[in-house]
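The following exercises are to be worked with the sequence and the model at hand. Each task is followed by a solution in steps.

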Amino acid sequence: MTSSPFSRRGFLQTTALASLASSLPAAQAATANLPGTPTPVGDTVLRWLDGQAPARFEGCTLGVPWPRGQLRLPAGQAPAFRLAKQPVQSWPLAYWPDGSLKWTAHAVAGGLPAGELKLEQGQPAPGGVTVRQTATRIVVSAGDLTWTVPTRGEALIAEATRAGRVTLKNLKLVALRQDGADPELDGQVARQAFTSKVNTVTVEQQGPVRAVLKLDGTHSGNGRDWLPFSVRLYFYAGSESVRIVHSFVWDGDPAKDFIAGLGVTAQVPMTNASHDRHVRFSGEGVGVWGEAVRPVTGLRRDPGQAYKDAQVAGQALPPLSGMDKRVSDRLALIPEWNDFSLSQANADGFTLTKRTQAGQAWIAANGGSRCKGLVYAGGAAGGVALGLKDFWQRAPVRLDVRGAAGELAEVTAWLYSPSAPAMDMRSYRSPAGMDTHEKQIEGLNITYEDYEPGWDSSVGVARTSELQLWVLGATPTHQAFSDMARQVAQPARLVLSPQRLHAAGVFGDWDPASTGSPARQLIEERLTLQLDQYLREVEQHRWYGFWNYGDVMHAYDVDRHMWRYDIGGYAWDNSELSTDMWLWYSFLRTGRADVFRLAEAMTRHTGEVDVYHLGRFKGFGTRHGVQHWSDSSKQPRISNAAYRRFYFYLTADERCGDLIRELLESDADIAKVDISRKLARNAAPPEASGLPGVGFGTTWGSWIAAWLTEWERTGDRRWRDKLVMGMQSIGELKRRWFAGGAPYDARTGRFAGPGDGVSISHLNGVFGVIEMSSELLTLLDVPAYRRAWLEYCRYYNAPRAEIAALLGRDPGGRGLGDTGSRMTAYAAFQERDRALALRAWREFFASRALRGGGATRQIGGVDAIRPLVEQPAISTNDSAQWGLAAIQNLALIGDTLDEAARAAGLTRP
């Protein structure tokens with residue numbers, strides 16, 4: 001539901017709109033998007049993302065939005081919600097400006113709930129997670145599980161007990177470093193080992209359903225501390241596992257430091273006899289590879305069926321006194337298999353090997369295509385399972401068991417495999433004579449790459465990985481282990497329907513997908529085609545790997561039938577033109593699980609890999625390029641928090657929240673990184689009084705999402721005031737939004753100067769400022785900005801005569817008119833202008849995306865619309881921006897679509 005008193009779906013049907021050009025009275029227009037009486041939502045019923053209940057559920061957390069004014073909390077109280085008989089823990093996530101709850105977060109206990117999952121106010125069922133803290137350790141208990149976390153030192157978890165038995169010891173991080181990338185070229189390279197050194201532990205939540213511990217530190221060894229990490233441990237009531245979210249920042253020397261392995265490892269006490277010790281690996285699909293350390297199957301002599309059945313099932317063998325003595329007397333002669341490795345070298349194949357001990361040969365045990373990423377070591381008395389999410393997608397990766405025949409086995413999930421060539425963080429290219437800005441601009445004009453020596457550094461990029469760690473009281477059955485592997489690969493999530501999300505009035509202008517008319521059906525078909533295409537492209541072109549997974553390519557080479565992975569700025573997309581936002585709006589309106597997972601992977605990638613988290617470029621992101629950090633254009637438009645807000649609010653993900661908070665002070669550093677240094681001076685924003693020139697769209701428009709989110713989360717008016725100052729000062733400039741940019745004071749958030757010049761860029765509106773302005777104008781009453789924004793929306797795509805009448809001349813620079821149609825649509829909706837709405841659809845129908853990217857003619861005739869649903873996209877920019885324009889136009893002016901389509905000849909009368 002919108003908070004405007006006029007519904008998006010019905011505003012054009014009123015009798016008052018018969019006029020082709022009517023507008024609200026000025027006083028009413030100034031507050032048209034501010035709240036009226038809150039509209040209560042219906043029942044809040046949670047549903048499974050994949051459409052059905054999973055076989056196993058380890059708990060999860062989700063965000064739930066509420067209409068403005070509907071829910072309020074008494075001072076000092078936490079929200080109380082119940083979810084049938086399932087324990088749930090709730091807390092506020094964000095507030096509306098009137099202090100009512102905008103988003104609440106809900107942690108749902110593990111164990112499969114029965115019946116309808118209806119969330120409603122009331123006292124929840126009890127949880128059972130407790131946290132006890134001393135100066136040296138933190139103890140988390142849940143059921144018969146107890147986890148001990150030291151406050152400092154090497155171990156993330158010192159030990160875990162199950163029903164009093166120590167089942168896990170010394171969970172820690174490991175890293176391997178070497179001096180060169182390729183032993184054949186760099187000579188003999190020695191590897192150095194580093195382990196985690198925890199400096200601080202913060203208890204972020206302490207039950208009763210969920211406890212969260214945040215551990216910060218570095219990898220330490222060989223007289224060096226580096227690779228800073230942040231690890232969160234999530235403990236849920238009703239779960240046998242802990243969820244691990246592992247984030248690290250690359251801070252090495254790319255010329256000297258080559259990561260040869262990066263992993264998480266734990267020790268497993270092995271107390272059973274070796275024939276009662278078991279190893280499990282997940283395989284393809286539902287497959288499980290499971291064997292004993294000392295097998296009793298397949299022998300020359302038969303021990304008896306009961307013994308074989310027990311071992312295959314992972315159970316203790318019956319008393320050996322009943323075994324055939326020809327076997328029992330010779331058990332010690334059967335080799336014990338000590339070490340096991342499953343290596344996924346790439347997205348298409350894994351191998352499984354084992355050996356009896358160090359110094360002996362490895363033998364091939366099995367293999368396949370795509371492993372789900374779970375390993376187990378233990379015995380009939382219990383053991384440990386460790387899984388890595390996105391296992392084959394992040395290859396090269398590896399799972400190891402070492403020492404299974406000894407007293408302490410080690411289980412390791414390698415986030416980056418030691419079997420692979422060492423990680424090479426150097427730039428892919430040399431300067432090649434491009435030592436001046438003039439030469440670099442010439443290079444830009446041929447490869448679309450903005451190259452500059454020293455600005456292609458990887459130092460400061462980050463990566464987050466997710467793992468699941470089980471402490472079990474017995475070896476799991478093959479079926480249970482397969483269900484666990486599915487939980488690792490595709491964690492079960494609870495979500496809301498598109499209709500329930502939309503009813504809360506969050507995330508601006510969108511509505512649930514609908515095929516209620518022929519014209520709308522065509523657009524919906526095209527939206528679906530584009531989503532399906534990108535899901536296929538990821539798979540077909542293998543856009544996988546440790547640093548790559550989650551991103552897509554920028555543009556396609558139709559001559560060699562390959563995405564332009566090696567051509568400068570046409571390679572990795574790096575959020576260019578808001579690809580992340582397109583995917584998230586697509587999920588909001590469809591609820592598709594595959595779209596959620598692609599958007600999730602992209603958020604994990606673009607917020608970490610494409611953004612700098614320390615060093616000279618901290619807070620800036622890197623423009624699209626051959627490597628995610630290789631382009632020298634470092635800009636806020638890539639680090640933009642608007643691309644992370646969806647995932648943060650839908651999942652309450654703390655790491656995502658950290659990334660948004662990292663950006664709060666980025667505007668203070670804008671003078672340190674001159675993002676316009678290669679532009680002609682007369683094209684750059686003006687500078688006055690020593691203040692840096694800042695563009696409204698690609699720069700200021702990329703900061704505001706972080707400030708808005710912080711204000712919503714905390715109520716801190718500092719960030720609200722900074723938003724208002726920027727909005728008000730833009731509205732006070734002579735040319736308002738058409739000034740394009742102005743000198744900016746980071747201390748106050750205000751723009752300075754007369755703003756009497758005119759500067760228009762087609763990029764101003766395509767990095768989230770359209771969506772964020774729509775949200776801001778429903779939250780803040782800044783009439784000057786509202787007038788300035790509506791003026792810009794109305795005139796950006798206006799005929800030349802109209803914009804010349806406004807500005808004195810046609811300034812040019814108004815590209816991407818089809819995607820800018822959503823600005824026209826916004827003005828039409830806000831000003832209740834039917835003629836303007838029809839103009840917006842004409843602009844949209846002229847889309848390059850509708851024409852497959854190549855043609856220049858206007859679409860006309862029924863047959864000409866077929867490329868809308870048949871032509872594959874060849875530009876991610878076109879796909880993302882067309883998708884956003886379609887989504888927002890349908891939400892704002894959908895009631896005029898059929899009329900506009902008939903006028904354009906897109907549907908038959």
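A residue counts as buried when its relative accessible area is under 20%, and as exposed when that area is over 50%. The model examined here is predicted.

**Exercise 1.** Determine whether Asn797 is buried or exposed, and describe its surroundings.

*Solution.* Begin with the location: Asn797 sits in the loop that links α17 (783-795) and α18 (800-807). Next, apply the cut-off: the relative accessible area of Asn797 is 15%, so the residue is buried. Then list the neighbours, leaving aside residues up to four places away in sequence: Asn797 touches Arg814, Gly817, Gly820, Ser821, Thr824, Arg839 and Glu843. Finally, look for polar partners: the side chains of Asn797 and Glu843 form a polar contact at 3.0 Å.

**Exercise 2.** Establish which residues of helix α13 are buried, and what caps its N-terminal end.

*Solution.* Helix α13 covers residues 654-662, and its buried residues are Glu654, Arg655, Cys656, Gly657, Leu659 and Ile660. For Cys656, the relative accessibility is 2%. The cap is supplied by Asp653, which places a side-chain oxygen 3.3 Å from the backbone nitrogen of Arg655.

**Exercise 3.** Decide how many disulfides the structure holds, and examine Cys656 and Cys371 in that light.

*Solution.* A disulfide requires two cysteine sulfur atoms within 2.5 Å. The count for the structure is 0 disulfides. For Cys656, the nearest cysteine sulfur belongs to Cys60 and is 16 Å away, and Cys656 is in no disulfide. As to accessibility, Cys371 is buried at a relative accessible area of 1%.

**Exercise 4.** Give the strand order of the open sheet that contains β3, and explain why β3 and β27 stand at the edges.

*Solution.* The sheet has 4 strands in the order β3-β6-β1-β27, and their pairing is antiparallel. Both β3 (81-83) and β27 (494-495) have a single partner strand, so one side of each lacks a neighbour in the sheet. To follow one pairing in detail, take β3 with β6 (residues 117-121): these strands pair in the antiparallel sense over 3 bridges. Within that pairing, Leu83 has Leu119 of β6 as its bridge partner.

**Exercise 5.** Identify where pLDDT falls under 50, and set this against the average for the protein.

*Solution.* The average pLDDT is 91, and 91% of the residues score at least 70. Residues 1-36 stay under 50, and the model has 86 contacts for them beyond four places in sequence. Residues 849-869 are also below 50, with 44 contacts beyond near neighbours in sequence.

Conventions
Residues are numbered from 1 along each chain as its sequence is written. This is a predicted model: local features need pLDDT of at least 70, side-chain atom pairs count only at pLDDT 80 or more; totals for chains, interfaces and linings use all residues. Side-chain values use heavy atoms; hydrogens and water are left out. pLDDT is the predictor's confidence in each residue, from 0 to 100. Contact means heavy atoms within 4.5 Å. Two strands pair if DSSP finds at least two bridges between them. Helices (H or I, at least four residues) and strands (E, at least two) are DSSP runs, numbered from the N terminus. Buried means under 20% relative accessible area, exposed over 50%, partly exposed in between (1.4 Å probe, protein chains only). A polar contact is a pair of N or O atoms within 3.5 Å; within protein, one must be able to donate a hydrogen and the other to accept it, and residues adjacent in sequence count only if both atoms are side-chain atoms.
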